[in-house]
Amino acid sequence: MNTRRMTALAIVALAATALTACSAGADTGAGSDVDAKKATSAEDFGGMDALVEAAKAEGQLNVIALPDTWANYGKIISAFEDKYDITVNSADPDVSSAEEITAAKNQQGQDTAPDVFDLGSAVALDNLDQFAPYQVANWDDIPEGSKEKTGLWVYDYTGLVSIGYDADAVPAPKSLDDLLGSEFAGKVALNGDPTQAGAAAAGVYLAALQSGGSADDIQPGVDFFQKLNQAGNFLPLDPTPATIASGETPVVIDWSYNNLAAATENEGQRNWKTTVLPGSAVGSYYNQAINVDAPHPAAARLWQEFIFSPEAQNLYLAAGAYPSTLAAMVEADTVDQKALDAVGEMPADLVQFTPEQTEQATSLLAEKWAAAIS
């Protein structure tokens, strides 16, 4: 959880293997004339079987900022490894979306660089030149408006902004204004810095909508957190499973799938509850993207194919995250109905910020956030 993720893992890659993998993208069983870094669909490899063959020849995939408990990524990664016999090297789950891009730039040309990204929209829109275009086989299952037309970025899943809380430490919040009360003194944390982390920014968006603002005007959200800070209730500490378990962060504004995971992790230790406030709800899809300099370009493209397959999309759903192909899966009867029944239908008044609104909100946060909580 925290800024975006939890405990760090190390990338495991032997130099000799990595050198082989880097060359395999351009010379694999798919044929030496295939340049995996320039492939924009599986057809460029000669079809899905050839893409799988090319990815297996590389043998590895580098991911970043994907903790096991974030939207079910532990199971998603394991399923990919088991299905394709490709080792997934998971680096720095504890970093923000912005830090994913920084890592890619700092490691450009190295075999340890991330192959793929999972990013908040603000960071994705600000770094289009870092991505390679790619359209997955079920491209048409992804709604218009949920993808850049060439596949530079594609929405993969969203949750709802929620309030997670220790029911033994604080009363159940029924409105945002409840968090201003004395019972919440020094107890309310955001999942990161909203100028860097999509989850935290979405918390400010929700505060804006619940305080008379709109997707075109998030100033009321910044004003709310200023009041929360002035009341002594804002806790400038990034929440993690450890801080929740220890009681350091008894109230966390975060995605519903993260707070639901925290309840499971702390069962028997903390009485962790999750609530989505009545009224306007906020969802913000995360974006899949391929690093333009991916050291394992075929595996990166196969990962995209897997992420948007019903198998992985249903794993997102099982964790309480709404996948981008949900409507298509319902129509095709490939949805995990039990998981859908458990998470419930998406709220009718769900607000999803457009790219333009996200850019405007990002600019305002960059200008106003630090002063508001100082």
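Analyst: A helix here is a DSSP run of H or I with at least four residues, numbered from the N terminus. The model is predicted. A36 sits in the loop between α1 (15-24) and α2 (48-58).

User: Why is A36 called buried?

Analyst: The cut-off for buried is under 20% relative accessible area. A36 has 0%, so A36 counts as buried.

User: Which residue is 261 positions from A36 in sequence, and how far away is that residue in space?

Analyst: That residue is P297. The C-alpha atoms of A36 and P297 are 5.5 Å apart. P297 is also one of the buried residues of α10.

User: What makes α10 a mostly covered helix?

Analyst: The count does. Helix α10 covers residues 297-307, and 11 of its 11 residues are buried. Among them are the charged residues R301 and E305. W303 and F306 are on the list too.

User: Which residues of α11 are buried, and what follows that helix?

Analyst: Helix α11 spans residues 310-318. Its buried residues are A312, Q313, N314, L315, Y316 and L317. Just after α11 comes G320, with a positive phi of about 95°.

User: How do you know that β1 and β2 are paired?

Analyst: Pairing requires at least two bridges found by DSSP. Strands β1 (residues 60-64) and β2 have five, so they pass the test, and the sense is parallel. I64 stands opposite A91 in β2.

User: How well covered is β2?

Analyst: Strand β2 covers residues 87-91, and four of its five residues are buried. That makes β2 mostly covered.

User: What does the radius of gyration say about the whole chain?

Analyst: For 374 residues, a compact globule would have a radius of gyration near 21 Å. The chain has 21 Å, so the value agrees with the globule rule. The C-alpha trace spans about 65 × 45 × 45 Å along its principal axes. The secondary structure comes to 14 helices and 13 strands.

User: How much of the chain is buried, and how much area is exposed?

Analyst: Of the 374 residues, 56% fall under the 20% cut-off and count as buried. The chain exposes about 14700 Å², with carbon and sulfur atoms supplying 49% of that area.

User: What share of the contacts is between residues 24 or more positions apart?

Analyst: The share is 75%, taken over contacts with a separation of 6 or more.

User: How many charges of each sign are there, and how far apart are their mean positions?

Analyst: There are 18 positive and 52 negative charges. Their mean positions are 3 Å apart.

Note on methods:
Residues numbered from 1 in each chain as written. Predicted model: local features only at pLDDT ≥ 70, side-chain atom pairs only at ≥ 80, totals over all residues. Heavy atoms only, no water. Helix = DSSP H or I, 4+ residues; strand = E, 2+ residues; numbered from the N terminus. Rg over C-alpha atoms; globule rule 2.2 N^0.38 Å. Buried < 20%, exposed > 50% of the residue type's maximum accessible area, 1.4 Å probe, protein only. Contact = heavy atoms within 4.5 Å. Areas by Shrake-Rupley, 256 points an atom, 1.4 Å probe, with all protein chains shown as cover. Charge placed at Lys NZ, Arg CZ, Asp CG, Glu CD.
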